[in-house]
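Q: Could you take me through one part of this structure slowly, as you would for someone in their first year? I would like to see how its pieces fit together.

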Amino acid sequence: MNKPQSFFHLHLISDATGETLLAAGRAASAQYKDARAIEHIYPLIRTERQLQKVFEEIDSEPGIVLYTVVDQALGRQIDERCQQMGLPYVSVLEPVLGVFQSYLGAPAGRRVGAQHVLDAEYFRRMDALNFTMEHDDGQLPLDMDDADVVLVGISRTSKTPTSIYLANRGIKTANIPIVPGVPMPQALIEATKPLIVGLIATAERISQVRQNRVLGSGHDASEYTDRAAIAAELTYARQVCTRHSWPMIDVTRRSIEETAAAIVALRGKSR
């Protein structure tokens, strides 16, 4: 018998965007299926006055406090207030900075928002995102050799979201649908630079996703969601990938992040 789901407040205090905290908080709370976090995010907290307002809200809905604040004086104030209120708290960055300091033999520069500076890496990611959006779902297939990765697969194998996730890591990613009877672009077959990966899944999983997509659309989707027809599409997709020696990844039980990690690993092996 399933336990009823409980709720708790998760307060995330950051002197930058809060993305690091949000990822850490969600990774931890995901381990507790019977407890759901109500997230309170406080970004760009850099003064005592701002912090005072944050704790007024925390006082009304107490819970776990996670923070990433590089200003040590402000960090101490958070520690002291949480202790006074009897709340659990963690400075997410401090243990990591301690390890870096110990290994590198020098203290951290403690620059607020240092990970978000407009450096070459930032512009590389933006360039990758632009490329990926322009090359979604078979668009602009003639310059495939400019891509780092090309994802191929039948409809609803998570090609687009995986492409965008990879682009956010600075990897130029195009995606091209595999449609029975429609030849793959010659520019793709002749490409030598990109890693070309086929994404597949079970017919049951794809049918379920397609049914959700067409639900309420008013269109006849019987063939689109038919498992036997999907199985035939998958067989054709596997044949295409095998013919060209393109590696395949089964995304049936993988999250977008896990699929992307597998692709990154393949890139490392292919270099």
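A: Let's start with a pair of facing residues: Leu199 stands opposite Ile249 in strand E8. Leu199 and Ile249 come from a predicted model, so please read everything here in that light. The pairing belongs to strand E7 (residues 195–200), which runs parallel to E8 and is joined to it by 3 bridges. In general, strands of a sheet pair through backbone hydrogen bonds, in either a parallel or an antiparallel way.

Now step back to the sheet around that pair. This is an open sheet of 4 strands in the order E6-E5-E7-E8, with parallel pairing. At its edges are strand E6 (173–177) and strand E8 (248–250), each of which pairs on one side only. Between neighbouring strands of this sheet there is an average turn of 25 degrees, ignoring direction.

Helices lie against the strands too. Helix H6 (residues 159–167) lies across E5, E6 and E7, and it runs at about 170 degrees to E6. Helix H11 (residues 256–270) packs on the sheet as well, touching E5, E7 and E8, and its direction makes about 145 degrees with that of E7.

Next, look at the loop between helix H5 (120–134) and strand E5 (149–153), where you will find Asp145. Asp148 lies in the loop between H5 and E5 as well. Are these two residues buried or exposed? Asp148 has 17% relative accessibility, so it counts as buried, because the cut-off for buried is under 20%. Asp145, at 34%, counts as partly exposed.

Each of these two side chains reaches a backbone nitrogen. For Asp148, the partner is the backbone nitrogen of Lys172, at 2.8 Å. For Asp145, a polar atom of the side chain lies 2.8 Å from the backbone nitrogen of Lys193. Setting aside neighbours up to four places away in sequence, Asp145 touches Ala191, Thr192, Lys193 and Pro194. On the same basis, the contacts of Asp148 include Gly170, Ile171, Leu195 and Arg267. You can tie this back to the sheet, since E7 covers residues 195–200 and H11 covers residues 256–270.

Two more helices are worth a look. Helix H8 (residues 203–214) and helix H10 (residues 227–243) have axes that come within 9 Å and cross at roughly 120 degrees. The crossing of H8 past H10 is right-handed. On the H8 side, the residues that meet H10 are Ala203, Glu204, Ile206, Ser207 and Arg210. H10 contributes Arg227, Ile230, Ala231, Glu233 and Leu234. The residues of this contact divide into 5 nonpolar, 1 polar and 4 charged.

Finally, turn to some strands with lower numbers. Strand E3 (residues 64–68) is largely enclosed by the rest of the structure, because 4 of its 5 residues are buried. E3 pairs in the parallel sense with strand E1 (residues 6–14) over 5 bridges, and Ile13 has Tyr67 in E3 as its bridge partner. E3 also pairs in the parallel sense with strand E4 (residues 89–91), this time over 3 bridges. There, Leu66 stands opposite Val90 in E4. For a sense of scale, Phe7 and Asp145 are 49 Å apart in space, C-alpha to C-alpha, and 138 residues apart in sequence.

Conventions
Residues are numbered from 1 along each chain as its sequence is written. This is a predicted model: local features need pLDDT of at least 70, side-chain atom pairs count only at pLDDT 80 or more; totals for chains, interfaces and linings use all residues. Side-chain values use heavy atoms; hydrogens and water are left out. Helices (H or I, at least four residues) and strands (E, at least two) are DSSP runs, numbered from the N terminus. Buried means under 20% relative accessible area, exposed over 50%, partly exposed in between (1.4 Å probe, protein chains only). Contact means heavy atoms within 4.5 Å. A polar contact is a pair of N or O atoms within 3.5 Å; within protein, one must be able to donate a hydrogen and the other to accept it, and residues adjacent in sequence count only if both atoms are side-chain atoms. Two strands pair if DSSP finds at least two bridges between them. Axes are lines fitted to C-alpha atoms, for helices over the stretch in contact, and angles run from 0 to 180 degrees between N-to-C directions. A crossing is left-handed if the near helix is turned anticlockwise from the far one by less than a right angle, and right-handed if clockwise. Ala, Val, Leu, Ile, Met, Phe, Trp, Tyr, Cys and Pro count as nonpolar, Asp, Glu, Lys and Arg as charged, and the others, Gly among them, as polar.
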